[in-house]
Each structure stands twice: as structure tokens, then as C-alpha cells.
Amino acid sequence: MRKIDAATKTLIQNRIAEVEKICDSELVCVVTKRSARYVLYPLLTAAILALMLPLAQGVAQLLGFYGFTLQFQHQAVVFAILAVAFAATPLRHRVTPKWLQQQNCARYSTEQFFRQNLHETPARNAIMIFVSWEEHYVTIIADRGINERVQQSDWDDLIAGFVTAIKADDMENGFLSIIGGAGDLLIKHFPLDRPKTNDLPNHLIELDDAPYVS
């Protein structure tokens with residue numbers, strides 16, 4: 001995940017403040033580099049490929065190449081190289097099933113909803129925009145008071161637009177666009193008709209790597 005500069009953070013914070021001034025809701029943005037450390041499938045893929053080396057030698061012998069005898073040490077070296085290549089580079093997301101990455105992101109985002117105390121607003125009217133950068137995952141989690149009026153399908157177009165922005169490495173416009181779109185829905189369903197306090201932070205919450213290994 002590229003570093004988010006101070007100017008972008010200020011723009012995000014100001015956009016959240018603008019939305020909250022005119023709607024009876026709380027909005028929080030959370031971003032993490034990834035929602036889990038992916039190890040299992042990279043190591044499994046490396047092991048399978050290393051174990052398949054004897055097949056490659058058999059094919060080579062059929063083609064008339066007899067000058068090399070495969071030994072266990074060769075397989076061990078290949079496994080070590082592939083394990084590093086798959087586990088320590090973006091290739092880890094290529095060999096890890098998409099469903100598992102989505103599952104990890106969903107778990108981590110739900111955990112953060114409660115860790116950031118979004119469920120404790122008096123009117124149960126908070127939403128969290130959660131971004132997991134490496135998985136290209138974006139979700140909006142809303143508390144009970146909002147879910148009673150706004151359907152998940154209403155958020156889907158906003159989420160799809162942000163995912164496109166992430167793939168284009170354009171986090172700034174992605175955040176500003178989804179905050180503005182969410183604000184339009186919140187203003188429509190929860191117009192501000194009373195004084196309110198700012199119960200949750202407006203600044204972008206940046207998380208360290210998730211503690212989970214997957």
C-alpha cells in the first residue's frame with residue numbers, strides 16, 4: 001500500500017466533517033494494508049511444484065536429456081525459492097483463493113467496527129468505510145439504525161467505484177467519492193434536525209498489518 005500523504009488525510013477528514021455537519025450520523029474511515037498474512041497457500045503451492053519436479057525430469061529423459069539426475073536437495077532448494085517468491089511478494093494473492101481473502105477481509109472489517117466503537121453511538125447511526133488495500137477489498141458496514149432505512153444494495157455502486165480506484169492506485173479520489181456518495185444517502189435518510197456531538201473520530205484510521213495468519 002502506498003503511503004497516504006498528509007494532504008490526502010486532511011482532505012478525507014474535511015470531507016467527513018462536511019458530511020457529518022448536515023446529517024444525523026457518524027462516519028468513520030479505516031484502511032489497512034491487508035487483512036491477514038497469507039502463508040498457507042503460498043507454501044502449499046511451492047511444495048506441490050517442488051514435488052512435481054520428478055515429472056519434469058521424466059519428460060526431459062523422454063526427450064533424450066540424460067545428463068542430470070534430480071535429487072532431494074534440488075527439490076528442497078526449489079521449494080525454498082518458490083516459497084519466498086510466493087509468500088513474500090504480491091504473488092501470494094495470486095495463489096491464495098479469492099474466497100479466502102474475502103473471508104479474511106470480512107472478518108477483520110467486522111472486528112474493526114466494534115473495536116472502533118461504532119456500535120456505541122446513542123442512535124445506532126454510524127457507518128464504517130473499510131479498505132483492505134492488497135486484497136482490493138472495500139466494504140461499508142452500517143449500524144442497526146441505518147440498516148433499517150438503507151439497504152446494502154444502496155452501497156454497492158459506491159463500493160464498486162472505490163474498488164476500481166484502488167486498482168488504479170487512486171486512493172484519494174476513491175475515498176472522497178465514496179464519502180460523498182455515502183453522505184448523499186445519509187443526508188437523504190438522516191437529515192440533521194437537532195444539535196449533535198461528534199462521537200467518533202473524523203481522521204483516517206490507518207491500521208498495522210492484521211494479526212491473523214491464513
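This section describes the overall dimensions, the strand pairing and selected surface and interior residues of a predicted model.

The protein contains nine helices and four strands. Along the sequence, these elements follow the order α-β-α-α-α-α-α-β-β-α-α-α-β. The C-alpha atoms occupy a box of roughly 85 × 30 × 25 Å along the principal axes. The radius of gyration is 23 Å, whereas a compact globule of 214 residues would have a value near 17 Å. Buried residues make up 42% of the 214 in the protein. The exposed area amounts to about 11,500 Å². Carbon and sulfur atoms supply 58% of that area. Among contacts with a separation of 6 or more, 78% join residues 24 or more positions apart.

Strand β2 spans residues 126–132. Seven of its seven residues are buried, so the strand is largely enclosed by the rest of the structure. Burial extends to both faces of β2. One side carries Ala126, Met128, Phe130 and Ser132, and these are all buried. The other side carries Ile127, Ile129 and Val131, which are buried as well.

Two partners of β2 were examined. Strand β1, residues 26–32, runs parallel to β2. Seven bridges join β1 and β2. Within this pairing, Cys29 stands opposite Ile129 of β2. Ile129 is itself one of the buried residues of the strand. Strand β3, residues 137–142, pairs with β2 in the antiparallel sense. Six bridges connect β2 and β3. Here Phe130 stands opposite Thr139 of β3. Phe130 lies on the side of β2 that also holds Met128. β2 and β3 form a hairpin, with four residues between the strands. His136 sits in the turn and has a positive phi of about 55°.

The helical part of the model supplies a nonpolar surface patch. Leu44, Ile48, Leu49, Met52 and Leu55 make up this patch. Together they present about 440 Å² of accessible area. Helix α2, residues 40–51, gives the most to the patch, with three residues. Leu44 is found in helix α2. Its relative accessibility is 42%, so Leu44 counts as partly exposed; the partly exposed class lies between 20% and 50%.

Gln75 and Glu18 were examined as individual helical residues. Gln75 lies in helix α4, which covers residues 72–87. Its relative accessible area is 16%. Gln75 is therefore buried, as the limit for that class is under 20%. Gln75 touches Ala50, Leu51, Leu53, Pro54 and Leu70, when residues up to four places away in sequence are not counted. Of these contacts, Ala50 and Leu51 fall within the residue range of helix α2.

Glu18 is placed in helix α1, residues 6–21. Glu18 has 46% relative accessibility and therefore counts as partly exposed. Glu18 and Gln151 are separated by 133 residues in sequence. In space, their C-alpha atoms are 23 Å apart.

Methods: Residues numbered from 1 in each chain as written. Predicted model: local features only at pLDDT ≥ 70, side-chain atom pairs only at ≥ 80, totals over all residues. Heavy atoms only, no water. Patch = residues over 30% accessible without salt bridge, like charges linked within 9 Å, V, L, I, M, F, W, Y side chains within 5 Å. Areas by Shrake-Rupley, 256 points an atom, 1.4 Å probe, with all protein chains shown as cover. Salt bridge = Lys/Arg side-chain N within 4 Å of Asp/Glu carboxyl O. Helix = DSSP H or I, 4+ residues; strand = E, 2+ residues; numbered from the N terminus. Buried < 20%, exposed > 50% of the residue type's maximum accessible area, 1.4 Å probe, protein only. Rg over C-alpha atoms; globule rule 2.2 N^0.38 Å. Contact = heavy atoms within 4.5 Å. Pairing = 2+ DSSP bridges.
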